[in-house]
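I opened this notebook to record what I looked up, entry by entry, in the order in which I went through the model. Where a point needed a reason, I wrote the reason beside it.

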2 protein chains.
Amino acid sequence: LLGTTLNTHGAWIGGELLKLGLRVRRQVTVPDGEAIGDELKRALVENDVILVSGGLGPTSDDLTREETARALGLDLIEDEFAVRTIKDFFSSRNMSMAECNLKQAFLPCGADVIPNPQGTAPGVYIPPRLGEFNCAVFLLPGPPSELRPMVLNEVIPRLQALTEDGELSEMLVMKFFSVGESDFHAVLDDDLSAIAGLEVGYCARPGDIDLRLIGNKAAIAEARSLVVKNFGEKCYSEADETIEQVVVKTLSDKGMKICTAESCTGGAIAARLTDVSGASKVFDRGYVTYANSAKSDLLGVSNDDIESNGAVSEEVAAAMAEGALKDANADIAVAVTGIAGPSGGTEDKPVGTVWISIALKSGETITYKEYHSRGREIFKIVVVQRILAKVWQLIREK
Amino acid sequence: LLGTTLNTHGAWIGGELLKLGLRVRRQVTVPDGEAIGDELKRALVENDVILVSGGLGPTSDDLTREETARALGLDLIEDEFAVRTIKDFFSSRNMSMAECNLKQAFLPCGADVIPNPQGTAPGVYIPPRLGEFNCAVFLLPGPPSELRPMVLNEVIPRLQALTEDGELSEMLVMKFFSVGESDFHAVLDDDLSAIAGLEVGYCARPGDIDLRLIGNKAAIAEARSLVVKNFGEKCYSEADETIEQVVVKTLSDKGMKICTAESCTGGAIAARLTDVSGASKVFDRGYVTYANSAKSDLLGVSNDDIESNGAVSEEVAAAMAEGALKDANADIAVAVTGIAGPSGGTEDKPVGTVWISIALKSGETITYKEYHSRGREIFKIVVVQRILAKVWQLIREK
């Protein structure tokens, strides 16, 4: 509400619950304090389930436990199991525990503790009818690294148990590169909207788009075959994987190794690849050659090439990729040099210009130019995304 | 609500209004349809101003105008000025206008049109007391590219006119490393809560915590001096900067260059540094040495050191940093080798173990071990954050 924190919980929880066929009816953000309890009082009479996040920490502005107890008309009592889990969290890390952490063990009377392996604040589950309301309430920690595993491992199983099993919707997430949302609309909208019981959603991110198909098995299968017929070539995952996961898996399956030589992306390609568990099977080393001297020292790019063509050029990109391949003894090397901005552009090479080169052990080197002028931050994300997609296109055929 | 769109309006609007000393009391997301009018009916009696975004387009699921009129008990009538602005939008772009666009000219009776130079859907302003409610309502388009200029150019001046000028709140955001939320609580809570008119908020992220002080100038100044006295050493920014921005700025001010040698962080330190515009002044090159062979080939780490101590060891971390410093001719080199997991841990060196070494041109090398066992994704974020903070601590004194 103060402009300092983006609400990423809302969208993430909405997406996860949709996979169970459950819809979020309303999402509300209120300030710390009595507004929490006031909002809960209202929500308790209108809803079947309430998920509350944040305000479970040890400090004076963490009032969610107190406000929830007030809204439900329950007392707060110290929970022995919660005391133990909090003490364990600290002792297992050889950390001393400030006394105030035990505030986090006070729960509305009769509530269940939800363990939080990622942090000190336990979650809280208040089953329906415990107070006077027929509504289940979950209190969840605020940090995404604590909230997300708790939702997946603890909340969803309880919601599944609460739900009478009707026909659940299923969801298929297909991920595409280099396709615009309007391409899908133009080609698919009429046919998809003719499929009964199908819901279609798009989620476009820089350089990437997800298509979500929601419905029963038959509707999803029909829709999927339509989508594959038209855009199958551009689909890199039907299992909600990232492009780096797909690249690492494909390289690993084929016994190939990749090497990176990055200028304008500054290590972000290597960082994305090594986000994937098992990356060490396919990635030995990467070079971040930001300065011209680094390009020549580490990759053997000739000073002549840099001086006559500029660091952002076909010649330098190709020399970077070939130098990295030679030195690293990998099967594929990817190099990138460009102008991320905001400064450094010229008339010939405006901010957003990027040269990409991919060298293969077979001797082939593919070098091409792209242009992405949407600001420094987006530039890096889009360039990395597109390079990884290009690598995947090349290696899947090998 | 379906997980496909992140709500960026909430935080952005909250931040802009705070600059005027106005607080967002509540932020609600509801689905298309009657939920809009139902929510408005409730909000109209509780609030002074309501900003509504989205649902102003020409299609059948765009119901915000209709639902607002219903909640206010007003008729929808075609507004001549709105018709003209919509027609002008198309004619000025030499585009033909689909008839359905004129749906966007129907406004609650007595409302003002807010021009939208960025799109076809005009905004709508319904002044207080126009219906039976003493509440101003703004209807704003959904796309950020249309909403943001409309808020800045049209909404804020009207809000300033509505506001009786009291004393405006200000906000100071202080950012800290290596301080737990409970540390603040234990040391500061009593003293801070004694300051009249001060609001305190915390936002904890992996390896990082923000403290927000909100109130009048005097209250903030008093609070700040308390905080600085106790935690000043750990405060890296009072201007809402990231740690990488602070590191790049400090290096730049001191004319120093940094080099990175990364194993378990896989290029993420370099990527974070080069996210900062101007990083090229302080960063020439980085090494991503994921495999043991890369550590010896690129950084001159001896095979003996690796074999006798393991790749995740004090000796290898220090050799990586010293090798990078020598080769890169930088003033400071930072090296990191660890076990990100989920596999690769041993009894001696469990998943989460990380050795960090920082070598300085002056000849000093600082090598230390940390342990972060919160999963691969968090591991990388925390390690990078803490290394950057450590680098900043070292260089600010140079």
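**Entry 1: a salt bridge in chain B.** I began with B:Glu370, which counts as buried because its relative accessible area is 12%, under the 20% that I take as the limit for burial. I keep in mind throughout that this is a predicted model. The partner that I looked up for B:Glu370 is B:Arg386, and the closest N and O atoms of this salt bridge are 2.8 Å apart. The two ends lie in distant parts of the chain, with B:Glu370 in strand β16 (residues 365-371) of chain B and B:Arg386 in helix α13 of chain B, 16 residues apart. B:Arg386 has 25% relative accessibility, so I noted this residue as partly exposed.

**Entry 2: the network.** I then asked which residues are joined into one network by salt bridges that share partners. From chain A I wrote down A:Arg26, A:Glu39, A:Arg42 and A:Glu46, and from chain B I wrote down B:Arg26, B:Glu39, B:Arg42 and B:Glu46. Within this network I looked at the salt bridge of B:Arg42 with A:Glu46, in which the closest N and O atoms are 2.5 Å apart.

**Entry 3: the interface.** Across the interface of chain B and chain A I found eight salt bridges by the rule, and I also noted 33 residue pairs in polar contact between the two chains. On the side of chain B that touches chain A, strand β13 (residues 283-289) of chain B gives the most, with seven residues. The contact as a whole takes 70 residues from chain A and 70 residues from chain B. As for area, the two chains bury about 5400 Å² between them, and 53% of this is on carbon and sulfur atoms.

**Entry 4: other salt bridges.** Over all chains the structure holds 34 salt bridges. One of those I looked up is between A:Glu238 and A:Arg224, whose closest N and O atoms are 2.6 Å apart. This pair again links distant parts of the chain: A:Glu238 is in the loop between β11 (235-237) and α8 (243-254) of chain A, and A:Arg224 is in helix α7 (residues 217-231) of chain A, 14 residues away. I noted A:Glu238 as partly exposed, because its relative accessible area is 33%, and A:Arg224 as partly exposed as well, because its relative accessibility is 32%.

In chain B, the side chains of B:Glu233 and B:Arg396 meet in a salt bridge at 3.4 Å, N to O. B:Glu233 belongs to the loop between α7 (217-231) and β11 (235-237) of chain B, whereas B:Arg396 belongs to helix α13 of chain B, and the two are 163 residues apart. B:Glu233 has 54% relative accessibility and therefore counts as exposed, while B:Arg396, at 24%, counts as partly exposed.

**Entry 5: rings.** I followed B:Arg396 further and found that its charged end sits over the ring of B:Trp392, 4.2 Å from the ring centre. In chain A, I saw the charged end of A:Lys390 over the ring of A:Tyr368, 5.2 Å from the centre of that ring.

How many aromatic pairs does the structure hold over all chains? I noted twelve. In one of them, B:Phe176 and B:Phe184 are edge-to-face, at 4.9 Å centre to centre with 70° between the planes, and both of these residues are buried. B:Phe177 and B:Trp392 also make an edge-to-face pair, because their planes stand at 85° with the ring centres 6.1 Å apart. Here B:Phe177 lies in strand β8 (residues 170-177) of chain B and B:Trp392 in helix α13 (residues 376-396) of chain B, 215 residues apart; both are buried. In chain A, ring pairs link A:Phe176, A:Phe184 and A:Phe231 into a cluster.

**Entry 6: two single residues.** Is A:Asn101 buried or exposed? I noted A:Asn101 as buried, because its relative accessible area is 2%; its place is in the loop between α4 (80-91) and β4 (106-108) of chain A. Leaving aside neighbours within four places in sequence, A:Asn101 has contacts that include A:Pro58, A:Phe90 and, from the other chain, B:Ser182.

B:Glu146, in helix α5 (residues 144-162) of chain B, counts as buried because its relative accessibility is 14%. Its side chain makes a polar contact of 2.9 Å with the side chain of B:Asn116.

Technical notes
Residues are numbered from 1 along each chain as its sequence is written. Chains are lettered from A and ligands numbered from 1 in the order in which they are written. This is a predicted model: local features need pLDDT of at least 70, side-chain atom pairs count only at pLDDT 80 or more; totals for chains, interfaces and linings use all residues. Side-chain values use heavy atoms; hydrogens and water are left out. Rings of Phe, Tyr and Trp (its six-membered ring) pair if their centres lie within 6.5 Å; planes under 30 degrees apart count as stacked, over 60 as edge-to-face and the rest as tilted. Buried means under 20% relative accessible area, exposed over 50%, partly exposed in between (1.4 Å probe, protein chains only). Helices (H or I, at least four residues) and strands (E, at least two) are DSSP runs, numbered from the N terminus. A charge sits over a ring if NZ of Lys or CZ of Arg is within 6 Å of the ring centre and within 35 degrees of the ring normal. Contact means heavy atoms within 4.5 Å. Buried area is the accessible area (1.4 Å probe) that two parts lose on being put together, summed over both. A salt bridge is a side-chain nitrogen of Lys or Arg within 4 Å of a carboxyl oxygen of Asp or Glu. A polar contact is a pair of N or O atoms within 3.5 Å; within protein, one must be able to donate a hydrogen and the other to accept it, and residues adjacent in sequence count only if both atoms are side-chain atoms.
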